[in-house]
Amino acid sequence: MKVKKGEKGYLNYLKKKDIIFIIFVALISIAIFAFGLYFYKTRANIATVFAVLLLLPACKRIVNLIVLLPFRQIKDEELDRIEALLTDNVLSYIDPVFSSEKYIMKFEHLTVTGNGLFAYSHMSNEKNQYAEEYLSDGLKKRMIPGKVKIYVTLGDYEHFLKSYDYKGEFTNEEAGDYFKSLMM
C-alpha cells in the first residue's frame, strides 16, 4: 500500500522502500558482475561497468536512508490529540522532513492555514529559528502570503490549535503544494 507524503506512516514507508530498493539493486549488480567474471574470466569487462553504474541510484537511496534513519514517527497519542483539534479547512501533514543546505528539519506535525504554516517540532531552538526563517523566505520568494511559527511543546501547539479562529478562512493550497514539494 502506497502512503503519500504527509500521511501517517510515510516516514517508515519511505525507509522500507529505500531498503528494498538498495537490496534489490545490489543483488542485480552482484549477479551482473558475477556473470561478467564467469563469462570473460576477468574483472575488467563491460559487465563490471554496468554493475557499478547500476549501483549509482542505490547510493543516492543510501544517502536518503542515512538522513532519515535518526527520525521517528510521531506518537499515536500525540497525533490523536492534535487531529482532534483540527478542522476541515486546514492542510495537515504528519512527520514532514525538509532539507536545506544547513540542516535536516523534521517536524512532528505541520498545519497549513490561510494565514501561514504552524508546526510542532522537537528540534533545538537554533534549528527552529533557522527553519522559520528558511520556510518564511521560501513563502516570500514565491509571493505566497503567510507566516511561519514553530512550537516546541505539544501543549503550546495544542493551545494554538484550540485558540486559532478558522472561521471564514480558506485553505492555502498554493502554500500547501509548496511545502509538500519541499518534503523528502
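# Reasoning through a predicted fold: sheet, salt bridges and a kinked helix

Author: Four bridges join E1 to strand E4 (residues 109-113), and the two strands run antiparallel. The model in which this pairing is found is a predicted one.

Reader: What makes E1 and E4 count as paired strands?

Author: A pair of strands needs at least two bridges between them, and four bridges join E1 to E4, so the requirement is met. Among the residues involved, Leu91 has Val112 of E4 as its bridge partner, while Ile94 is matched in E4 by His109.

Reader: Which strands make up the sheet, and in what order do they lie?

Author: The sheet is open and is formed by four strands in the order E1-E4-E5-E6, with mixed pairing. Its edge strands are E1 (91-94) and E6 (147-151), each of which pairs on one side only. On average, and with direction ignored, neighbouring strands are turned by 15 degrees against each other.

Reader: What is the relation between E4 and E5?

Author: E4 and E5 are antiparallel, paired over five bridges, and they form a hairpin with two residues between them. His109 has Tyr120 as its bridge partner in E5, besides being the E4 partner of Ile94.

Reader: Why is E4 described as largely enclosed by the rest of the structure?

Author: The conclusion rests on burial, because five of the five residues of E4 are buried, where buried means a relative accessible area under 20%. His109, Thr111 and Thr113 point one way from the strand, Leu110 and Val112 point the other way, and all are buried. In a regular strand the side chains alternate between the two faces of the sheet.

Reader: Which strands does helix H6 lie across?

Author: Helix H6 (residues 173-182) lies across E1, E4 and E5, and runs at about 15 degrees to E1.

Reader: How do you know that Asp18 and Arg61 form a salt bridge?

Author: The cut-off for the nitrogen-to-oxygen distance is 4 Å; the side chains of Asp18 and Arg61 meet at 3.4 Å, N to O, so the pair qualifies. Asp18 belongs to helix H1 (residues 10-40) and Arg61 to helix H2 (residues 46-68), so the salt bridge ties together parts that are 43 residues apart in sequence.

Reader: Why is Asp18 called buried, and what term applies to Arg61?

Author: Asp18 has a relative accessibility of 1%, which falls under the 20% limit, so the term buried applies. Arg61, with a relative accessible area of 24%, lies between the limits of 20% and 50%, and therefore is called partly exposed.

Reader: What makes Asp95, Lys106 and Glu108 a network?

Author: These three residues are linked by salt bridges, with Lys106 taking part in one to Asp95 at 2.8 Å between the closest N and O atoms and in one to Glu108 at 2.7 Å. Both distances are within 4 Å, so both contacts satisfy the criterion. As for burial, Lys106 is at 5% relative accessibility and Glu108 has a relative accessible area of 7%, so both fall under 20% and count as buried; Asp95 is buried as well. A search of the whole structure finds five salt bridges.

Reader: How do you know that the span of H2 is close to the expected one?

Author: H2 has 23 residues and reaches 34 Å from its first C-alpha to its last, whereas 33 Å is expected at 1.5 Å a residue, and the two values are therefore close. H2 nevertheless contains a kink of about 30 degrees, centred on Pro57. Its buried residues are Ala47, Thr48, Ala51, Ala58, Asn64, Leu65 and Leu68, and what covers them includes H1 and E2.

Reader: What makes the phi values of Lys41 and Met143 worth noting?

Author: Most residues other than glycine have a negative phi. Lys41, in the loop between H1 and H2, has a positive phi near 65 degrees, and Met143, in the loop between helix H4 (125-141) and E6, has a positive phi of about 55 degrees although it is not a glycine.

Reader: Are these two residues, Lys41 and Met143, buried or exposed?

Author: The relative accessible area of Lys41 is 64% and the relative accessibility of Met143 is 74%; both values are over 50%, so both residues are called exposed.

Technical notes
Residues numbered from 1 in each chain as written. Predicted model: local features only at pLDDT ≥ 70, side-chain atom pairs only at ≥ 80, totals over all residues. Heavy atoms only, no water. Axes fitted to C-alpha atoms, helices over the stretch in contact; angles between N-to-C directions. Contact = heavy atoms within 4.5 Å. Buried < 20%, exposed > 50% of the residue type's maximum accessible area, 1.4 Å probe, protein only. Bend = angle between axes of the 7 residues up to and from the residue.
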